[in-house]
Amino acid sequence: MNYQWYPGHMMKAKRMMQENIKLIDLIIELVDARAPMSSRNPDIDELGQGKSRLILLNKADLADEKENQAWMAWFQEKGCFAACLDARKRSDMKQINGIIQSACREKMERDRKRGIVNRPVRAMVAGIPNVGKSTFINSFAGRTCAKTGNKPGVTKGKQWIRLNPQVELLDTPGILWPKFEDPQVGVKLAALGSIRDELLLGEELACWLLEYLKAHYPEAAGKRYQTECKGKGEEALTQIAEIRGCVLKGGEPDLRRAASMILEDFRSGRLGRITLESPETRESGEQNG
Ligand code: G4P
């Protein structure tokens with residue numbers, strides 16, 4: 001969180017990824033299930049050429065179940081292994097381990113044909129900051145071994161976690177830099193709380209979210225705030241501020257406080273399971289939200 005992506009950081013993260021990718025056979029890429037495209041960096045496709053790919057749609061517990069399934073199918077169609085995940089749940093890890101085995105099978109088979117036996121497949125977890133990489137490594141390895149914090153790239157002294165006789169995981173995740181070319185990406189990542197967008201005020205972000213909800217989840221805000229939220233953006237925000245008693249000393253609605261509350265409700269799942277982009281709009285190039 002609160003990580004500033006200056007070109008220097010980006011270059012460093014990219015360099016570290018390039019170095020680390022050389023060491024591995026499988027990339028386990030975590031994306032945020034609530035915005036699987038905006039929360040990934042497509043450069044990984046080029047960086048990871050020739051490697052097996054597993055996409056984990058993390059924080060799936062907060063995302064729309066129907067969209068989770070649609071995104072999983074979309075990634076599978078692109079030739080990746082894919083699965084939904086709540087990285088905090090250790091009970092999910094057995095299933096993920098099975099998928100990792102499947103994703104590695106081809107590589108192991110290739111090695112075997114070339115006479116290489118007993119060489120474990122090496123994997124790395126990668127993803128943009130705050131997507132859940134450390135949580136996943138901790139849950140997966142079953143102990144607190146992954147470093148938390150958002151430093152670009154991975155540390156120098158590499159350590160491998162042996163998951164089983166066939167698979168080893170690099171203990172520090174690869175940090176991918178978010179790609180902000182499309183302004184909608186920044187808005188979505190800010191709404192998810194993955195980045196702090198200094199340029200966008202909380203009120204603007206909350207208004208954007210309310211508009212998005214109105215178009216895609218028309219009942220979500222009404223259900224939570226017991227109001228019809230008939231108005232557009234700021235009007236709806238004002239209504240919610242009034243209903244929730246967010247008022248300033250002079251009696252004016254406190255839009256900033258209402259906006260923080262709405263964003264927090266969204267991020268914690270109190271507005272329901274919501275996804276901010278779907279594969280269909282992706283394919284047609286249509287902007288949603
Ligand atoms: P990172 O290494 O990729 O930067 O991410 P990290 O594991 O630190 O996870 C970021 C936050 O996301 C953590 O919350 C973590 O608990 C939460 N998280 C990770 N995976 C999941 C998931 O599958 N579902 C849900 N609901 N949350 C998940 P945190 O430490 O409490 O940070 P914050 O909530 O204070 O921002």
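Here a biologist asks about a predicted model of a protein chain with a ligand, and a modeller answers.

Biologist: How many helices and strands does the protein chain have?

Modeller: The protein chain has 289 residues. Its secondary structure consists of 11 helices and 7 strands.

Biologist: What percentage of the contacts in the protein chain with a separation of 6 or more comes from residues 24 or more positions apart?

Modeller: Start with contacts that have a separation of 6 or more. Among these, residues 24 or more positions apart account for 69%.

Biologist: What share of the residues is buried?

Modeller: A residue counts as buried under 20% relative accessible area. Of the 289 residues in the protein chain, the buried share is 53%.

Biologist: Which helix gives the largest share of the largest nonpolar core?

Modeller: The largest nonpolar core has 75 residues, and Ile-28, Phe-136 and Leu-276 touch the most other members. The largest share of this core is 8 residues, and they come from helix α7 (residues 202-216).

Biologist: Which domains each give this core at least three residues?

Modeller: Nonpolar side chains tend to be buried together in soluble globular proteins. Here the core draws on both domain 1 (8-171) and domain 2 (201-284).

Biologist: How many residues are in the other core that lies apart from it?

Modeller: Among its members are Ala-60, Met-72, Trp-74 and Ala-82. This other core has 13 residues.

Biologist: Which helix gives the most residues to the shell around the ligand?

Modeller: In total, 17 residues surround the ligand. The closest are Asp-61, Asn-130, Lys-133, Ser-134 and Thr-135. With 3 residues, the top contributor is helix α5 (residues 133-141).

Biologist: Which residue has a polar backbone atom 3.0 Å from an oxygen atom of the ligand?

Modeller: Asp-61 has a side-chain N or O atom 2.8 Å from a nitrogen atom of the ligand. A polar backbone atom of Asn-130 is 2.8 Å from a ligand oxygen. The backbone atom at 3.0 Å from a ligand oxygen belongs to Gly-132.

Biologist: How much of the ligand does the protein bury?

Modeller: Taken alone, the ligand exposes 720 Å². The protein buries 66% of that.

Biologist: Is Asp-265 buried or exposed?

Modeller: Asp-265 lies in helix α10 (residues 255-267). Its relative accessible area is 3%, so Asp-265 is buried.

Biologist: Which side chain makes a polar contact of 3.2 Å with the side chain of Asp-265?

Modeller: Beyond four places away in sequence, Asp-265 touches Arg-224, Tyr-225, Arg-270 and Leu-271. The polar contact of 3.2 Å joins its side chain to that of Arg-224.

How values were computed:
Residues are numbered from 1 along each chain as its sequence is written. This is a predicted model: local features need pLDDT of at least 70, side-chain atom pairs count only at pLDDT 80 or more; totals for chains, interfaces and linings use all residues. Side-chain values use heavy atoms; hydrogens and water are left out. A nonpolar core is a set of buried Ala, Val, Leu, Ile, Met, Phe, Trp, Tyr and Cys residues joined through side-chain atoms within 4.5 Å. Buried means under 20% relative accessible area, exposed over 50%, partly exposed in between (1.4 Å probe, protein chains only). Helices (H or I, at least four residues) and strands (E, at least two) are DSSP runs, numbered from the N terminus. Domain bounds come from an automatic or database domain assignment. Contact means heavy atoms within 4.5 Å. A residue is near a molecule or strand if one of its heavy atoms lies within 4 Å of it. A polar contact is a pair of N or O atoms within 3.5 Å; within protein, one must be able to donate a hydrogen and the other to accept it, and residues adjacent in sequence count only if both atoms are side-chain atoms. Accessible areas come from the Shrake-Rupley method with a 1.4 Å probe; for residues, only the protein chains shown count as cover.
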